[in-house]
Amino acid sequence: MNIREYIETSEGENQLDRIVSDGGLCAVFRTIGCIGDSLSSGEFEALDKDGNRSYHDMFEYSWGQFIARDAGCKVYNFSRGGMTASEYWNSFAQANGFWEKDKLCQAYIIALGVNDLLGMKQELGSIGDINDGDYTKNADTFAGYYGRIIQRLKSMQPHARFFLVTLPRECEGEEPVKADHAALLYDMAEKFDHTYVVDLYKYAPVYDGAFKRKFYLYGHLNPAGYRLTAKMIESCIDYHVRHNPEDFYQIGFIGTEFYDGRLDKNRE
């Protein structure tokens, strides 16, 4: 073990230069909520003899549950195949009790956007769609609904950490919708305290034909693909903890009276 890897960090290091095998410093969180769609739910796609497709959320294969097993923490799947930010806000979270106090977490990983932007072609919106004083007045855009989710959780668990996942590329070069989605998430991270971007768009391998032959089952990931995704996401979180140690001093006090806001680095 080279302890210097934990004490010293390189300014030139990117989020996936160091791949962890045991959850890394993602393990400082004991409770994590994963808000997402089929790709957050371990969904497998099946094809019968007549060519009919069926879709199956198998949460034990989700990247969230791989992270739970790696890091030894409790991970909730606040997700379902086909999920969008608007549906999560308008009905899904409430119907499933995901706003309840016993479901509050120290950290949230939010991976939404595929169905919203690529499927439903919803308007992306901008950071200006977020109403600081009343999140119920946010614009009815992807940005507005996404912001509502963060804002409500912050109103309930003010010191929780948020990790926002960008969409990986499927070809070399820029993919405009995904690039705009990534830019919005960086704006979100700038706006909200203790919020960080897990940038698969910039740092993950391109999900091209060669990648899909190894890690896809029809249109969704296969077991190895979800396992690989878990390693990438936990490695990105490990990166943020190592590069911003002062932001994570008090993880153990989140949700308690002992959290001291004076130790935060002027972000609240």
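# Close-up views of a predicted structure

**View 1. The largest nonpolar core and the elements that build it.** The largest nonpolar core has 37 residues, and those with the most contacts inside it are Phe 29, Ile 32, Trp 63, Ile 109, Phe 163, Val 198 and Ile 237. A nonpolar core is here a set of buried Ala, Val, Leu, Ile, Met, Phe, Trp, Tyr and Cys residues joined through side-chain atoms within 4.5 Å, where buried means under 20% relative accessible area, exposed over 50% and partly exposed in between, with a 1.4 Å probe and protein chains only. The model is predicted, so that local features need pLDDT of at least 70 and side-chain atom pairs count only at pLDDT 80 or more, while totals for chains, interfaces and linings use all residues. Residues are numbered from 1 along each chain as its sequence is written, and side-chain values use heavy atoms, with hydrogens and water left out. Two or more residues of this core come from each of β1 (31-36), α2 (63-71), β5 (107-111), β6 (161-165), β7 (195-198) and α9, and α9 gives the most, with seven residues. Helices (H or I, at least four residues) and strands (E, at least two) are DSSP runs, numbered from the N terminus. In soluble globular proteins, nonpolar side chains tend to be buried together.

**View 2. Phe 163 and its surroundings.** Not counting residues up to four places away in sequence, Phe 163 touches Phe 29, Ala 107, Tyr 108, Ile 109, Ile 110, Tyr 196, Val 198, Ile 237, His 240 and Phe 248, contact being defined as heavy atoms within 4.5 Å. A second, separate core of 35 residues includes Tyr 88, Leu 112, Leu 164 and Phe 192.

**View 3. Ala 230 in helix α9.** Ala 230 is buried, with a relative accessible area of 0%, and leaving aside its neighbours within four places in sequence, Ala 230 is in contact with Trp 63, Phe 66 and Ile 67. Although Ala 230 and Trp 63 are 167 residues apart along the chain, their C-alpha atoms are separated by 4.4 Å.

**View 4. Aromatic pairs.** A search of the whole structure finds 21 aromatic pairs, a pair being rings of Phe, Tyr and Trp (its six-membered ring) whose centres lie within 6.5 Å, with planes under 30 degrees apart counted as stacked, over 60 as edge-to-face and the rest as tilted. Phe 44 and Tyr 226 form an edge-to-face pair, because their ring centres are 5.8 Å apart and their planes stand at 65 degrees. Since Phe 44 lies in strand β2 (residues 43-47) and Tyr 226 in helix α9 (residues 223-243), the pair ties together parts that are 182 residues apart in sequence. Phe 44 is buried at a relative accessible area of 10%, and Tyr 226 is also buried, at 0%. The rings of Phe 211 and Phe 215, by contrast, make a tilted pair, with centres 4.9 Å apart and planes at 45 degrees; being four residues apart in helix α8 (residues 209-215), these two are separated by about one helical turn.

**View 5. An aromatic cluster and helix α3.** Ring pairs link Tyr 76, Phe 78, Tyr 88, Trp 89, Phe 92, Phe 98, Trp 99 and Tyr 135 into a cluster. In helix α3 (residues 85-95), the buried residues are Ala 85, Ser 86, Tyr 88, Trp 89, Phe 92 and Ala 93, and what covers them includes β1, β4 (74-79), α4 and α5 (142-156). Just after α3, Gly 97 takes a positive phi of about 75 degrees.

**View 6. Two residues with positive phi that are not glycines.** His 194, in the loop between α6 (176-191) and β7, has a positive phi of about 50 degrees and is buried, with a relative accessible area of 0%. Tyr 218, in the loop between β8 (216-217) and β9 (220-221), has a positive phi of about 60 degrees and is partly exposed, with a relative accessible area of 42%.

**View 7. Charged ends over rings.** The charged end of Arg 169 sits over the ring of Tyr 201, 5.8 Å from its centre, and that of Lys 212 sits over the ring of Tyr 216, 5.2 Å from its centre. Such a placement requires NZ of Lys or CZ of Arg within 6 Å of the ring centre and within 35 degrees of the ring normal.
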